[in-house]
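User: I am new to this structure and would be grateful for a close look at its salt bridges.
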Amino acid sequence: MERDFQTAENFRIKVVEPIKKTTRAEREEYLKQAQYNVFRLKAENVYVDCLTDSGTTAMSTEQWAAMMLGDESYAGCKSFYKLEASAQEVFGMPYVQPTHQGRGADFIMAQYYAKPGKYAVGNMHFDTFHGNAEILGAYPVDCVIDAGLDASSPAEDFKGNIDLRKVQKIIDEHGEDSISVIIITVTCNNNGGQPVSMANIRAVSEFAAAHKIPMVIDSARLAENAWFIKHREPGYADKDIREITREMFSYCETATMSSKKDGLVNIGGLIVTRNHDFYLYSNVQSIVHEGFITYGGQSGRDMEALAVGLREATTDAYLDTRIAQVKYLGDRLREKGIPIVEPSGGHGIYVDGRRFFPQIPQYEFPAQRLVVALYEEAGIRAVEMGACAFGSKDADGNPIWPELELMRISVSRRVYTNNHLDCIANALEYIYAHRDEYRGMKMVYEGPITALRHFTAGFELL
């Protein structure tokens, strides 16, 4: 029997970037200047940055080398055709339209699929699609399974699954043609980076077809979702990751992607589809809003890096290391008694603000207070995904509070070591030990679109 001692990361570090330490007094002042919204902080004043995993990847030597081959021709550049071939290999769909990033793809998709006065159903919609739907007059509705809405629920394999009974209820109450699109987000970002099973993707596809509803997959973290299918769902253990991704997308009509996640690049987005009419529509929308069809807001060198990144991300060697590092942080936090969403997701760990600060009511933003506390104590930047980010309002302007009140700690791909993750765990252990000393926050500013207010909101400490 061969012993495996090769259990470290599947890469070695070739270039390093210095990070700055700050004092607590400095960080308190930075927070005051930012109105206690960490989106407004200067990145140079952050020690470990876990705000997002979007566009923060460290690219590989193969990607950097590919960038030197970038063809910057306005139309028909060679780099587009390399990207097209890579995307077809991963998605198994024929038509590829690049966009400048995921929200560009979201915008074009929403214009076509989200109809005014109709429902756009998903497991849990990403915030930019939610904002686009809101602007268009559509009604975005989350239909994730109940376990996915309970941050304290026991671990189960696929908490990102759609509950089709909830979708059927919309049809029963509002009519057969009340839903204009069903969108599955893989993995489900809003509730812990939780995956969606192949069985659920297939069942949703069959349901959508039976009711003549188009189905779209938001595929920013497609590779991570495929890894969970391979390791958790019967019948997939021996399948290649790209074989799994192609099956995932065989059940949908269109996919959008922020390539800044599982594309392993710092900028870029994609629309991939088998709907030729939508492809032609996306071409026109790209020319108007993004760039010519064969660059769509990306430079040739961006597309070269993405063509390589899609293939790198859909390998076991990369994914085994990626998922293991996120799990490492989750295991450390559990050992210290920190209340988190279980099981650990694909791209980050989500701390339950309600259980962490039970004395702070939701209308005083406990998860946002935890975000602020983590930066105060350690210079570590995470992000709130609770009352501010996912709160909404009724027709009279009264607040509607979300089921989940979370702080997301995103782990950038190939960027930080486990020593950095230990800093996060140790800081949260200290804050948790002193949790009774904390009070809540008051929102003093929000922008005009409620679904996007977390990017610009201002707060005061109570």
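User: To begin with one partner, is Arg301 buried, partly exposed or exposed, and what is its relative accessibility?

Analyst: The model is predicted. In it, Arg301 counts as partly exposed because its relative accessibility is 41%, which lies between the 20% limit for buried and the 50% limit for exposed. Arg301 forms a salt bridge with Glu72, and their closest N and O atoms are 3.3 Å apart. This contact links distant parts of the chain: Arg301 belongs to helix H11 (residues 300–313), while Glu72 sits in the loop between helix H2 (61–67) and helix H3 (78–91), 229 residues apart. Glu72 is likewise partly exposed, at 42% relative accessibility.

A second pair involves helix H16. The side chains of Asp422 and Arg332 meet in a salt bridge with an N to O distance of 2.3 Å. Asp422 lies in helix H16 (residues 418–433) and Arg332 in helix H12 (residues 316–335), so this pair ties together parts that are 90 residues apart in sequence. Asp422 counts as buried, at 16% relative accessibility, and Arg332 is buried with a relative accessible area of 16%.

Helix H16 also contains Glu429, whose partner Lys336 is in the loop between H12 and strand S9 (348–352), 93 residues apart. The side chains of Glu429 and Lys336 meet in a salt bridge at 3.1 Å, N to O. Glu429 counts as partly exposed, with 36% relative accessibility.

Beyond these pairs, salt bridges with shared partners join Asp53, Arg221, Glu224, Asp262, Arg322 and Arg413 into one network. A search of the whole structure finds 29 salt bridges.

Note on methods. Residues numbered from 1 in each chain as written. Predicted model: local features only at pLDDT ≥ 70, side-chain atom pairs only at ≥ 80, totals over all residues. Heavy atoms only, no water. Salt bridge = Lys/Arg side-chain N within 4 Å of Asp/Glu carboxyl O. Helix = DSSP H or I, 4+ residues; strand = E, 2+ residues; numbered from the N terminus. Buried < 20%, exposed > 50% of the residue type's maximum accessible area, 1.4 Å probe, protein only.
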